[in-house]
Every structure is written in structure tokens, then in C-alpha cells.
Amino acid sequence: MSEHRPADGPERPAERSGGDENGGPPGDDVVGVRTGATFGPRWADVAALANEAVRLHARGRTRRAREAQERVLAATEVPDVDVEGLDVRARALANLAALAEERGEPRESLRLAGEALAVCDRIEERVGDARGTPAVRGSVLVNRAQTLQLLGRNEEALADCDAALALPVRSGPGSVPLNFALHNSRGCTLIALGRYPEAEAEVRAALAIAQEHEPRLAGHAHTNLAVLAGRAGDLSTETEHLRLAREFHHQGGDPIARALSEENLARLDLGERRLGRAERGLRRAERAYTALGAEHRAASVQFGLALLAFLRGRVGRARRVLRRAMRVLERTGEVGALVECHLLAGDLAACRLRFKAADRHYLAARALCFDANAPHEAARVDARRARVVLASLRLAWLPPMRRHLLGAALDVGLPAALATDALRHGFPPGRARERWTTEVARPALATALKLLTLAQQPRLAVELIEHIAASATLDAERPADEPARAGGSFATELRSRIVAAPFGQELPEPFPAPAEPVGEGAFAASLAAGGGAAADGFPAPRLALPPRLRVFEAGEQQLADWIAAGEQRYGRRIRSDDELRVW
């Protein structure tokens with residue numbers, strides 16, 4: 001999701017609404033929306049200042065851009081403000097909202113976006129769409145959708161994208177950046193919701209717009225196509241799209257876009273264990289973000305550096321770097337990045353035998369997943385918790401402690417395994433489903449079976465095996481990687497279980513590259529003052545839920561209670577109501 005991601009950090013297409021003969025154009029080098037509005041003598045200088053703020057931001061001078069937009073806003077706060085003044089105010093508020101998110105203040109961004117929409121209402125009450133206000137409103141909605149996605153409020157983000165798509169925006173060359181951002185942002189939100197086929201259709205529509213009208217925007221669509229390829233486990237396609245994204249961003253992207261392309265490729269290197277190259281890329285991205293004042297984006301890079309230290313076995317350094325990153329991300333409230341950080345913090349604590357502290361971090365990540373309406377990710381977190389307990393059993397010498405740990409691990413791991421297995425039936429046929437099966441469901445089920453074996457529950461294990469057999473899937477291209485063999489110190493064993501498995505299995509999404517909800521620049525609604533010249537479900541068929549199984553004629557079917565627990569815990573059906581006897 002994005003989707004930073006959204007690194008985490010979604011980029012924003014510079015949808016600047018252009019200049020005019022009074023305010024002056026923001027410049028042909030700036031990609032922007034031109035609404036066709038003009039300004040009289042009273043507001044010409046203010047409009048020119050708004051356009052200058054857009055140019056400043058396009059050159060990476062965000063502090064001066066913010067100061068200029070604040071002067072524009074102050075100039076419109078007069079008792080006798082007219083429609084032209086309200087127009088300038090709406091654009092300034094939209095730009096300030098986007099700048100607030102860029103500097104890591106998403107809640108302030110939402111407040112400013114709400115004010116901008118209220119001003120749009122006032123304009124349309126007086127003159128309708130005569131000043132191109134639907135384009136301004138659409139840009140604000142796209143901006144707000146991206147901010148909502150950072151906070152994990154993906155359904156609300158999708159509603160804003162749909163509302164923007166329904167607006168009567170005038171077509172023409174000036175509307176190209178807005179049309180691009182609408183499709184690209186909607187695609188990124190659908191990625192966050194796991195609706196991949198719909199997301200790909202939206203992102204490809206955005207790419208087609210960019211290729212036909214404004215190639216400088218194409219890098220953002222390529223990044224999101226890379227994300228989709230990564231979800232499907234197609235490494236070569238993912239790499240190709242990320243490299244194309246970097247080329248487009250270096251040719252015409254803004255500084256944030258260029259830094260994000262470096263971070264994306266570094267994360268890909270990290271996933272492929274090219275650690276030296278990954279570190280160099282992450283350092284370049286961190287320096288760029290720091291120079292631009294994008295503290296929360298730099299924090300996302302620091303997560304990557306903490307993970308890099310962990311992969312090198314430097315647990316102490318990883319903890320120090322991660323603490324710095326989490327302080328920033330907890331302030332900004334970016335859900336995807338915080339989930340990543342809490343999971344890594346839990347792994348680091350477990351390696352130090354601090355199991356209670358580890359579980360606190362895992363539970364924090366789990367709660368964030370539920371808050372973001374992502375129970376499938378919560379199930380992945382629970383499967384991870386069970387694997388850590390399994391790795392820790394070698395330290396449980398006393399039988400009562402061992403029984404307690406096994407019981408706790410089963411209570412967490414078996415419902416999670418059943419849920420992750422069932423969730424793949426929501427994917428359309430294809431590589432995304434097979435990747436989920438190979439890298440998420442299969443390891444979770446293997447952990448559950450090992451726990452049942454250790455707990456000496458053969459009857460329940462037989463039921464689980466029959467359950468698995470009734471929902472088998474084929475992955476002819478990507479055989480499951482075997483986790484590293486146990487041995488050596490506990491920290492070494494646990495670390496091998498965490499980092500030696502397939503990358504997507506153990507590391508939280510979004511990884512290795514965040515989705516870009518938008519296009520070029522820091523804001524989707526970089527609005528200068530003036531003018532100038534899915535649907536529900538997947539389109540592909542999905543598998544129906546398999547029936548419940550009656551494995552033993554006599555006695556209670558023990559797995560039924562665990563299925564019920566998983567359905568209640570994650571809010572998803574695991575089996576249909578039909579029941580079949582096993583032959």
C-alpha cells in the first residue's frame with residue numbers, strides 16, 4: 001500500500017491549475033492543470049504570487065513555497081472577498097494541505113483540505129463551475145485521498161477518488177495531470193485494499209494518459225506497476241518498471257520523486273540481499289529527503305537501514321536506527337510504515353530473548369492492521385507471532401512452561417493459518433494467489449502442523465491435513481523455499497527463521513517498493529492561480545470457499561471450533577456452510 005508506501009511516502013502529481021495573462025503562467029516546465037480562470041486587477045498580484053509558489057516547490061524550495069502560499073492565503077482573508085479572491089484562497093489552501101502532508105503533518109493536511117472544499121462550495125454557490133472549480137475540488141479530493149491512505153483509512157480514500165472521478169471537469173490539455181492523478185491515485189488505493197486486477201486497470205489507464213499527453217508523469221505509474229508485479233512475485237517485471245520509473249523521474253521528476261525512485265530500487269536490492277548496493281541507495285535517498293525537509297520520508301529510509309543492520313546481524317545498531325524512525329512515524333501516524341517498524345522491533349526484541357516486549361510490538365502492528373481494515377495483514381502478524389514462539393520452545397525446559405507456550409502458540413497460530421489459507425480464495429486466479437499461498441498460507445499451516453505435533457494432538461492434526469488437502473493449490477513455477485535449519489544460538493536460529501524465508505513471507509507489505517498514489521511533485525493539487533490554453537470484487541473469477549469436512553464419524557470435529565475462532569477473529573469466512581464426509 002502504496003501505498004509510503006505509500007517508502008512509504010506517496011508522491012503527488014503537480015496538478016497546478018496554470019497561469020493567465022494577469023497572474024502569469026507557472027511555467028511550461030511545470031506540469032499542471034489549467035482551469036481557464038482569469039483575474040482582475042484586484043487579485044492579479046496575489047495570483048502571480050501563487051504561481052511563484054508553485055514554481056518554487058517544483059524546484060524543491062518547499063519552505064519558501066509554503067511561506068508564499070501562506071501570504072496568498074492571508075491576502076484573501078478580508079471581509080469583502082469576492083469570487084476571484086475565494087478562488088485564489090481555495091487553491092492556496094489546497095497547496096498548503098499538500099505541503100503539510102509532505103512535511104509529515106497528515107492531520108493538519110486533512111484540516112486544510114476540508115477548508116479548501118468548503119471554499120469550493122462557496123464559489124459554486126455563487127457562480128457554478130464558471131471558474132473551473134470542479135478541477136480544484138477534484139485536486140483537493142485526490143490530495144485528501146492520498147493523505148487518508150497514509151493513515152490507513154483506505155475505504156475513505158477510495159470514496160474520495162470516486163467522488164473526484166464523478167466531477168464535471170472540463171476536458172482539454174490542462175486537465176491531463178488531474179485525469180492522470182485520479183486514475184493513479186485510485187489504483188494505489190485499490191492496491192492497499194488488495195483489489196489488484198482493478199488496481200492494475202486504473203494504473204494502466206493512468207500510464208496511457210501519461211504516454212499520450214505528458215510523459216513526465218509516467219514514472220509514477222511505472223512504480224505502481226512495479227508494486228503490482230511485486231505482489232505477484234514477478235521480480236523481472238518489477239525491476240524493469242522500477243528502472244523505468246527512475247529514468248522518467250530523473251528526466252522530469254521533482255526532487256521527492258527522484259529520491260523515492262532511489263529508495264524503491266534500494267528496497268528491491270534489500271529484498272534480493274544485495275546489501276552493499278542497498279545501503280548506498282538508501283543513503284542517497286536519506287540525504288535527499290533530509291535536504292528537502294521531508295523528515296517522515298527520511299524515517300521510512302531509516303527503517304530500511306535498520307532492517308539492513310538486522311540482516312547483517314547487527315541487532316544493537318538496528319534497534320538504535322529503528323527507534324529514531326519510529327519516533328517520527330508515530331507522530332505522523334503513517335500506518336503502513338508503523339506496521340513495518342513494529343514487526344521489525346518485535347523481531348529484534350525476540351532475538352534478545354525479550355519475548356514480552358516482542359509480543360507488545362507484534363500486538364501493536366496487529367491493532368494497526370485491524371484499524372486499517374486489513375484483517376488479512378493481522379492474520380499474517382499472528383502467524384509471525386506463532387513462528388517466534390515455535391522458535392523459542394528450545395528455551396522452555398520445564399514441562400509446565402512448554403505446555404503454556406504451546407497452548408498460547410496454537411491459540412494464535414492455528415486460527416491465523418486457517419484464515420490465511422482461506423483468504424487466498426478471494427484472489428483471482430494467477431500469480432498473486434499463488435504467491436500468497438506459497439509465502440503466507442503455506443508457512444502458516446506448516447507452523448500450525450508442527451505445533452500440533454509438539455502438543456501431541458494427532459486427531460486435530462489429521463483434521464487439519466484433510467482440511468489442507470481439500471483446498472490444495474498448484475504453484476508450478478515457484479517452489480517453496482525451505483527455512484534455514486535450526487542450530488547455533490537462539491538468536492541465530494530465530495533470525496534464520498525470520499530472514500532466510502522468502503522475502504515477502506516475513507516482511508510486511510508494502511515491500512520492496514511502496515505504491516505511489518499520485519504523480520509528479522509533492523502535491524496532487526499544486527494549484528496556481530489562473531488559466532491558460534471497480535467495482536465490487538474482481539473481474540476475474542474467484543474460487544468459492546471449500547466445504548467443511550467430517551473426518552471422523554464418531555466424536556466431535558475439533559477443527560470446527562478453530563475454524564469458528566478464525567472467522568470470528570478476522571471477520572472472514574474460512575469454510576462454507578456445506579459439510580462433506582471424507583472418503
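Of the 583 residues in the protein chain, 61% count as buried. The model is a predicted one, and its chain is built mostly around a simple inventory: 23 helices and 2 strands. As for the outside, the accessible surface adds up to about 22300 Å², with 53% of that belonging to carbon and sulfur atoms.

Now for the charges on that surface. A positive patch shows up, made of Arg314, Arg320, Arg323, Arg324, Arg327, Arg352, Arg354, Lys356 and Arg360. Two elements each give two or more residues to this patch, namely helix 14 (315–332) and helix 16 (355–371). Helix 14 supplies the largest share, with 4 residues.

Arg314 is a patch member that sits in the loop between helix 13 (295–311) and helix 14. Its relative accessibility is 46%, so arginine 314 counts as partly exposed, a label that covers the range between 20% and 50%. That value also clears the patch criterion, which asks for over 30% relative accessible area and no salt bridge.

The cysteines are a quick story. The structure holds 0 disulfides, a disulfide being a covalent bond between the sulfur atoms of two cysteines. Two cysteines can be placed on the burial scale, where buried means under 20% relative accessible area. Cysteine 351 has a relative accessible area of 8% and is therefore buried. Cysteine 369 comes in at 5% relative accessibility, so cysteine 369 counts as buried too.

Terms used. Residues numbered from 1 in each chain as written. Predicted model: local features only at pLDDT ≥ 70, side-chain atom pairs only at ≥ 80, totals over all residues. Heavy atoms only, no water. Patch = residues over 30% accessible without salt bridge, like charges linked within 9 Å, V, L, I, M, F, W, Y side chains within 5 Å. Areas by Shrake-Rupley, 256 points an atom, 1.4 Å probe, with all protein chains shown as cover. Salt bridge = Lys/Arg side-chain N within 4 Å of Asp/Glu carboxyl O. Lys, Arg positive; Asp, Glu negative; His and termini not counted. Charge placed at Lys NZ, Arg CZ, Asp CG, Glu CD. Buried < 20%, exposed > 50% of the residue type's maximum accessible area, 1.4 Å probe, protein only. Disulfide = S-S within 2.5 Å.
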